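Got your viewer open and a cartoon view on screen? Let's take a walk through this one together, one selection at a time.

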Amino acid sequence: MISVIIWTLICSLQPPIVYDEHYELQIYKLLKAASKGDMKQLKRIENEKYIDINDTDYDTRSALHLAACGGHIESVKFLLKNNAGYLERKDRCLGHTPAEDAAWHERRNDNNASKSKLQRIIDFLNNQKGLQTYKCSFKDSVVLKIIKAAEYGEISVLQSLHDNRTDMNLSDNDGRTALHAAVERNQEKVIEFLIDKCKVSPFQRWSKTHQII
């Protein structure tokens, strides 16, 4: 029993290899910790180095978005110190940066965080602009690899990713998937592979307007 626990801990400390359901679960834990201002959990996740803490959820909301609109200044500072949550990254729901998200919640006055805390975060984030460079997250790099492989008909690459249990429904910030790319480039074999073998969804929209079928 002890050996199993040790092996589990060792595996959890390994750097990310594939973006799968387990990786998504760790991202969920990261975002939940940020939304609650749970510094102990944030530090533990960052120290493990298993996930890229710059990664986002399906709606491209980062830990920085959630820490900001939750009024958690210490979490915001910690994330920026560790180059997490690009300041100019916009979520897919409202098109907000973390600072704009905090400002939106401040205006609505329906947040548990006080206006003073939110304003402090808004001022802090606005003062950081220009000091942080864009960092391609692990998720972004995997999405790019999947989409490029689909565009160029590289089924062997897609097969390898699928064999490693990569989420083949992953999309870029506009909602564009490998299946969208394959349809655009008329890659019939790739389309068949993605639908028949990978069971990807043909109903996912791209930029909320383009649907595959």
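Begin on the inside, with the largest cavity, which encloses about 40 Å³ of space. Keep in mind that you're looking at a predicted model. To find the spot, select Gln26, Ile45, Glu48, Tyr50 and Ile51, the residues that line this cavity. Colour them by class and you'll get three nonpolar, one polar and one charged. How many cavities of 30 Å³ or more does the structure hold? Just one.

**Next stop: helix H3**

Select residues 39-48 to bring up helix H3. Show the side chains of Leu42, Ile45, Glu46 and Glu48, which are buried. Now look straight down the axis of H3: these buried residues fall within an arc of 165°, so they line one face of the helix. Ile45 and Glu48 should ring a bell, as both also line the largest cavity. Spin round to the other side of H3 and you'll meet Lys40 and Asn47, which are exposed.

Step off the end of H3 and you land on Lys49, where phi is positive, near 65°.

**Into the loop: Thr60**

Keep going along the loop that joins H3 to helix H4 (63-69) and pick out Thr60. Here's another positive phi, near 55°, in a residue that isn't glycine. Is Thr60 buried or exposed? Thr60 is buried, with a relative accessible area of 3%.

For a contrast, jump to Arg165, in the loop between helix H9 (155-163) and helix H10 (178-184). Arg165 isn't a glycine either, yet its phi is positive, about 70°. This time the residue is exposed, at 63% relative accessible area.

**The largest pocket**

Now for an open space: the largest pocket, with a volume of about 200 Å³. There are 15 lining residues, and those closest to the pocket's centre are Tyr19, Glu24, Asp57, Tyr58 and Lys139, so select these to centre your view. Which helix gives the most to the lining? That would be helix H2 (residues 21-36), with four residues. Sorted by class, the pocket's lining has six nonpolar, four polar and five charged residues.

**Helix H7, seen end-on**

Select residues 115-128 for helix H7, which has 14 residues. Try the distance tool from the first C-alpha to the last: H7 reaches 20 Å, close to the 20 Å expected at 1.5 Å a residue. Then highlight the buried residues of H7, namely Leu118, Ile121, Ile122 and Leu125. They cover an arc of only 100° around the axis, so they sit on the same side of H7. The spacing helps here: an α-helix has 3.6 residues a turn, so residues three or four places apart point the same way. On the face turned away from that buried side, look for the exposed residues Ser116 and Asn127.

**Two cysteines to check**

Select Cys93, which is partly exposed, with a relative accessible area of 45%. Then move to Cys198, which is buried at 11% relative accessibility. What about disulfides? A pair of cysteine sulfur atoms has to lie within 2.5 Å to be counted, and by this rule the count is zero.

**Zoom out**

Finish with the whole chain in view. The secondary structure comes to 11 helices and two strands. Trace the chain along the sequence and the pattern reads α-α-α-α-α-α-α-α-α-α-α-β-β. Colour by accessibility to close: of the 213 residues in the chain, 44% are buried.

Notes
Residues numbered from 1 in each chain as written. Predicted model: local features only at pLDDT ≥ 70, side-chain atom pairs only at ≥ 80, totals over all residues. Heavy atoms only, no water. Buried < 20%, exposed > 50% of the residue type's maximum accessible area, 1.4 Å probe, protein only. 1 Å grid on protein atoms, 1.4 Å probe; cavity = no way out; pocket = protein on both sides within 12 Å on 5 of 7 lines; lining within 4 Å. Points joined across faces, edges and corners; volume = space filled by probe spheres on them. Nonpolar A, V, L, I, M, F, W, Y, C, P; charged D, E, K, R; others polar. Expected span 1.5 Å × (residues − 1). Arc of directions from axis to C-beta.
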